[in-house]
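Here are my notes on the model, set out as numbered points. Please read them with the structure open.

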Amino acid sequence: MRLSDTIEDFIKMLLAQDEPEVELKRNELAEYFGCAPSQINYVLATRFTPDHGYVIESRRGGGGYIRIVRVVQQPGQQLMYLIHERIGDSITEGEAAHIITHLVEQKMLTPSEGELARAAVSAQALAVPLPEPMKDALRAKSLKAMLTSVARRNTPTLEA
């Protein structure tokens with residue numbers, strides 16, 4: 001397992017203890033893992049982003065800290081954010097796979113739904129003689145359609 005994965009798992013373990021947030025000191029964490037503070041920055045910048053459902057607050061200096069807050073959103077709200085803000089008119093296969101993995105981790109998609117979604121937006125599924133920008137646009141439309149369907153499923157309905 002790579003060091004980045006170990007650091008990510010450690011922080012997620014701290015957050016998994018029914019705490020919506022955790023406060024850490026970057027230098028202490030780097031010392032614990034025997035790495036440079038920049039490695040901690042890398043993990044925070046790539047694995048604890050709003051797309052992953054986290055917000056990072058930090059204060060530099062001697063008494064500085066990093067606060068990682070797990071953002072709790074209703075499934076439909078997060079899906080609508082992804083549909084309208086994150087995906088846009090075009091998305092690469094890697095970005096789409098990243099979003100799908102996050103949704104599976106958040107239990108908004110089942111593992112089998114995630115595999116189907118990954119297959120639908122894969123390079124193999126879009127192996128047609130089109131320029132890459134057109135494939136990315138088609139991938140975005142397909143992913144938006146799938147997530148809209150899931151958002152409808154997760155939206156409570158009013159019963160008369």
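1. In what order do the elements of the protein run from the N terminus on? The order is α-β-α-α-β-β-α-α-α-α, which amounts to seven helices and three strands. The model is a predicted one, and the points below should be read in that light.

2. Overall figures. The protein has 160 residues, and 34% of them count as buried. Its accessible surface is about 9800 Å², with 55% of that belonging to carbon and sulfur atoms. If contacts are restricted to residues at least 6 apart in sequence, 60% of them join residues at least 24 apart.

3. The largest nonpolar core. This core has 16 residues, and those touching the most other members are Ile7, Ile11, Leu15, Ile40, Leu44, Phe48 and Ile68. Two or more residues come from each of helix H1 (3-16), strand S1 (21-24), helix H2 (26-33), helix H3 (37-47) and strand S3 (65-70). Ile11 serves as an example: beyond residues up to four places away in sequence, Ile11 touches Val22, Leu24, Leu29, Leu44, Phe48 and Ile68. As a general remark, nonpolar side chains tend to be buried together in soluble globular proteins.

4. Another core. Apart from the largest nonpolar core lies another, made up of 15 residues. Ile91, Ala96, Met108 and Leu147 are among its members.

5. Helix H2. Which residues of H2 are buried? They are Arg26, Leu29, Ala30 and Phe33. Seen down the axis of H2, these buried residues fall within an arc of 100°, so they line one face of the helix. Asn27, Glu28, Glu31 and Tyr32, on the other side of H2, are exposed. The partners against which the buried residues of H2 pack are H1, S1, H3, strand S2 (54-59) and S3. Gly34 comes just after H2 and takes a positive phi of about 65°.

6. Helix H3. Ile40, Val43, Leu44 and Arg47 are the buried residues here. Their arc around the axis is only 100°, which puts them on the same side of H3. The cover over the buried residues of H3 includes H1, H2, S2 and S3. Note that Ile40 and Leu44 also appear in the list of core residues touching the most other members.

7. Aromatic pairs. A search of the whole structure gives three aromatic pairs. One of them is Phe10 with Phe33, an edge-to-face pair at 5.3 Å centre to centre and 85° between the planes. Phe10 lies in helix H1 and Phe33 in helix H2, so this pair ties together parts that are 23 residues apart in sequence. Tyr32 and Phe33 also form an edge-to-face pair, with 4.9 Å centre to centre and 85° between the planes. Phe10, Tyr32 and Phe33 together form one aromatic cluster.

8. Exposure within the cluster. Are the rings of this cluster on buried or exposed residues? Phe33 counts as buried because its relative accessibility is 17%. Phe10, at 21% relative accessibility, counts as partly exposed. Tyr32 counts as exposed, with 58% relative accessibility. The cut-off for buried is under 20%.

9. Ser58. This residue lies in strand S2 and counts as partly exposed, at 45% relative accessibility. With neighbours within four places in sequence left aside, Ser58 is in contact with Arg26, Tyr65 and Ile66. Lys25 is 33 residues away from Ser58 along the chain, and the C-alpha atoms of the two are separated by 9.4 Å.

10. Helix H5. At 1.5 Å a residue, the 13 residues of H5 (residues 93-105) should span 18 Å; the end C-alpha atoms are 18 Å apart, which agrees. Ala96, Ile99, Ile100, His102 and Leu103 are buried in H5. They cover an arc of only 160° around the axis, which puts them on the same side of H5. Ala96 is also one of the residues in the core of 15 residues. Following H5 is Lys107, with a positive phi near 65°.

Technical notes
Residues numbered from 1 in each chain as written. Predicted model: local features only at pLDDT ≥ 70, side-chain atom pairs only at ≥ 80, totals over all residues. Heavy atoms only, no water. Helix = DSSP H or I, 4+ residues; strand = E, 2+ residues; numbered from the N terminus. Expected span 1.5 Å × (residues − 1). Buried < 20%, exposed > 50% of the residue type's maximum accessible area, 1.4 Å probe, protein only. Arc of directions from axis to C-beta. Core = buried A, V, L, I, M, F, W, Y, C linked by side-chain atoms within 4.5 Å. Contact = heavy atoms within 4.5 Å. Areas by Shrake-Rupley, 256 points an atom, 1.4 Å probe, with all protein chains shown as cover. Phe/Tyr/Trp six-rings, centres within 6.5 Å; stacked < 30°, edge-to-face > 60°.
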